[in-house]
Structure formats: structure tokens, C-alpha cells
Amino acid sequence: MKIVSGQQIILIADDEPQIRELLSLYFQKEGFSVTEAADGADAILKVQQLKPAMVILDIMMPVLDGLEACKQIRRISKVPVIMLTARAEDEDRI
């Protein structure tokens, strides 16, 4: 997924700044460009504007939760989405 000239963008959407910062550090260390969103609505706008290579999306966010944001992202893009969750129930994790 890495590109030598012109880094691919990873979008990290999470309402917790510490989680965004930690994930950003890891992806930047691997050579990716990272952009962040603090809520689902902002994540959708950034997917439209920046066309990221991948989206890391928290399920529990303000304004628009991650599940609804993912549905809307799917209407406009086939970008790979990895969902983050603090929920422990099997049905939430699956």
C-alpha cells in the first residue's frame, strides 16, 4: 500500500485525541501521510476531499457514529475501512 513518491493518506477518525495521536505516530513511522477526523461527519467530508487509501473508524463518535459514517462512506467510496471499538460483546466486534 505504500508509495515511494507521494505518500498514501490514512484517515484516522476517532473522538479521542490520544488514540488519533498514537495511531498517527505508528502510520507515519511506516511512511504514510495521516489526516485525522474527530467525528463521523468530518470523516465523510475528508473521504470525499482527500480520497484516502484507508480509513480507521471508531464506532462510538459524536455527531455521526462510526457505523452510520461507514454506511455513508460506502455510498461514495470503496476505500478499505477498519473499525475500532471498545465494545466487548461478540456481536459488536463481529
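Biologist: Where in the chain does A38 lie?

Modeller: Good place to begin! A38 lies in the loop between β2 and α2. Keep in mind that we are looking at a predicted model.

Biologist: How do I read the accessibility of A38, and what does its value of 34% make it?

Modeller: Buried means under 20% relative accessible area and exposed means over 50%, with partly exposed in between. A38 has a relative accessibility of 34%, so it counts as partly exposed.

Biologist: Which residues is A38 in contact with, leaving aside its neighbours within four places in sequence?

Modeller: A38 is in contact with D14, D15, R20, M61 and P62, once those neighbours are left aside. You can also compare places along the chain with places in space: A38 and D58 are 20 residues apart along the chain, and their C-alpha atoms are separated by 9.5 Å.

Biologist: Let me follow that to D58. Where is it, and is it buried or exposed?

Modeller: D58 sits in strand β3, which covers residues 54-58. Its relative accessibility is 8%, so D58 counts as buried. Leaving aside neighbours within four places in sequence, D58 is in contact with A13, D14, D15, G66, L84 and T85. Notice that D14 and D15 turn up in the contacts of A38 and in those of D58.

Biologist: Let me step back to the whole chain. How many helices and strands are there?

Modeller: The chain has 4 helices and 4 strands. Reading along the sequence, you meet them in the pattern β-α-β-α-β-α-β-α.

Biologist: What share of the residues in the chain is buried?

Modeller: Of the 94 residues in the chain, 36% are buried. As for the surface, the accessible area of the chain comes to about 6,000 Å², and 53% of it belongs to carbon and sulfur atoms.

Biologist: And what share of the contacts joins residues at least 24 apart?

Modeller: Take the contacts between residues at least 6 apart in sequence: 61% of them join residues at least 24 apart.

Biologist: Now the helices. How is a pair of packed helices described?

Modeller: The general idea is to give the angle between the two axes and the distance between the axes. Here, look at helix α2 (residues 40-50) and helix α3 (residues 66-76): their axes come within 9 Å and cross at roughly 15 degrees. Angles under 35 degrees count as roughly parallel, so α2 is roughly parallel to α3. The crossing of α2 past α3 is right-handed.

Biologist: Which residues make the contact between α2 and α3?

Modeller: From α2 they are G40, I44, V47 and Q48, and from α3 they are A69, Q72, I73 and I76. Sorted by type, the residues of this contact are 5 nonpolar, 3 polar and no charged.

Biologist: Next, backbone angles. What sign does phi have in most residues other than glycine?

Modeller: Most residues other than glycine have a negative phi. In this model, K51 has a positive phi of about 50 degrees although it is not a glycine. V63, also a residue other than glycine, has a positive phi near 70 degrees.

Biologist: Where are K51 and V63 found?

Modeller: K51 is in the loop between α2 and β3, and V63 is in the loop between β3 and α3. K51 counts as exposed at 62% relative accessibility, and V63 counts as exposed at 68%.

Biologist: May I practise on V34? Which strand does it lie in, and is it buried or exposed?

Modeller: Please do! V34 lies in strand β2, residues 33-37. With 17% relative accessibility, V34 counts as buried. Neighbours within four places in sequence aside, its contacts are I10, I12, S24, F27 and Q28.

Biologist: One more pair to compare: where are G31 and A86?

Modeller: G31 is in the loop between α1 (17-29) and β2, while A86 is in the loop between β4 (81-84) and α4 (90-93). G31 counts as partly exposed at 28% relative accessibility, whereas A86 is exposed, with a relative accessible area of 66%. From C-alpha to C-alpha, G31 and Q8 are 8.5 Å apart in space and 23 residues apart in sequence. A86 and M60 are 26 residues apart along the chain, with their C-alpha atoms separated by 8.4 Å.

How values were computed
Residues numbered from 1 in each chain as written. Predicted model: local features only at pLDDT ≥ 70, side-chain atom pairs only at ≥ 80, totals over all residues. Heavy atoms only, no water. Helix = DSSP H or I, 4+ residues; strand = E, 2+ residues; numbered from the N terminus. Buried < 20%, exposed > 50% of the residue type's maximum accessible area, 1.4 Å probe, protein only. Contact = heavy atoms within 4.5 Å. Areas by Shrake-Rupley, 256 points an atom, 1.4 Å probe, with all protein chains shown as cover. Axes fitted to C-alpha atoms, helices over the stretch in contact; angles between N-to-C directions. Parallel < 35°, antiparallel > 145°, perpendicular 65-115°, else oblique. Left-handed = near helix turned anticlockwise from the far one by under 90°. Nonpolar A, V, L, I, M, F, W, Y, C, P; charged D, E, K, R; others polar.
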